[in-house]
Every structure is written in C-alpha cells, then in structure tokens.
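Welcome! Take a moment to look over the sequence and the fold before reading on.

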Amino acid sequence: MLSRGLLITVGALLSAAIAGAAQTAGALTRGGAVAALIVGTLVFGFGGLGAGLLLVTFFVSSSLLTRWRAERKRHPEHRRGRSASQV
C-alpha cells in the first residue's frame, strides 16, 4: 500500500494534468481548474485510486453530457467552462 504522502503527491500530479487539459479544452475556467486540482488531490490522496477514478469518470461524463446538444441549452458553462463554485 502507498503512503498517504505519496498518494497525495500522485493525486496532485494527476489532478494538475487533468485540470490543465480540461481548462485547455474549455471545460473549466481558471478558477474551476484550481478547484479541480484541490478536490482531485484530496479525493485521490484520502480516498485512494478507486475514489479518484470515480471522480474522473464523473467529471468526464458530466462534461460530455453538458456539451451534448449544447446549442439547445442556455447554460453559460457551455461557453466558458465550469467555475470553481460548480466544481
């Protein structure tokens, strides 16, 4: 089993990569990316791999569903990404 410190470090690195990619893709604002980094680090660091994968699965599926048929919806996150409060 990995130590708590190593889980937090790995969680931070993975969260930074995912948050950066999501911000580049327009799924997150800058504040949303920072919040995703914090939440992802904590979930992976204290919940482990299973909780981290569940969080990533939720984020990816909800982001895809938000963009699906976005032209028929009127929510502003379709244009600018999710903010920190939405994360």
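Here is a short briefing on the fold, the surface and the core.

This is a predicted model, in which local features need pLDDT of at least 70 and side-chain atom pairs count only at pLDDT 80 or more, while totals for chains, interfaces and linings use all residues. Residues are numbered from 1 along each chain as its sequence is written, and side-chain values use heavy atoms, leaving out hydrogens and water.

**Overall fold**
- The protein chain has three helices and zero strands (DSSP runs: H or I of at least four residues for helices, E of at least two for strands, numbered from the N terminus).
- Read from the N terminus, the elements follow the order α-α-α.
- Of contacts (heavy atoms within 4.5 Å) between residues at least 6 apart in sequence, 63% join residues at least 24 apart.

**The bent helix**
- α2 has a kink of about 145° centred on Gly-48; the bend is the angle between axes fitted to the seven residues ending there and the seven starting there.
- Between its end C-alpha atoms α2 spans only 19 Å, whereas a straight helix of 38 residues would span 56 Å at 1.5 Å a residue (1.5 Å times one less than the number of residues).

**Core**
- Buried residues (under 20% relative accessible area, 1.4 Å probe, protein chains only) make up 30% of the 87 residues.
- The largest nonpolar core (buried Ala, Val, Leu, Ile, Met, Phe, Trp, Tyr and Cys residues joined through side-chain atoms within 4.5 Å) consists of six residues: Ala-19, Ala-22, Ala-27, Leu-28, Ala-33 and Ala-36.
- At least two residues of this core come from each of α1 (4-24) and α2 (30-67).
- Beyond its neighbours within four places in sequence, Ala-19 touches Leu-28, Ala-33, Ala-36 and Leu-37.

Conventions. Buried means under 20% relative accessible area, exposed over 50%, partly exposed in between (1.4 Å probe, protein chains only).
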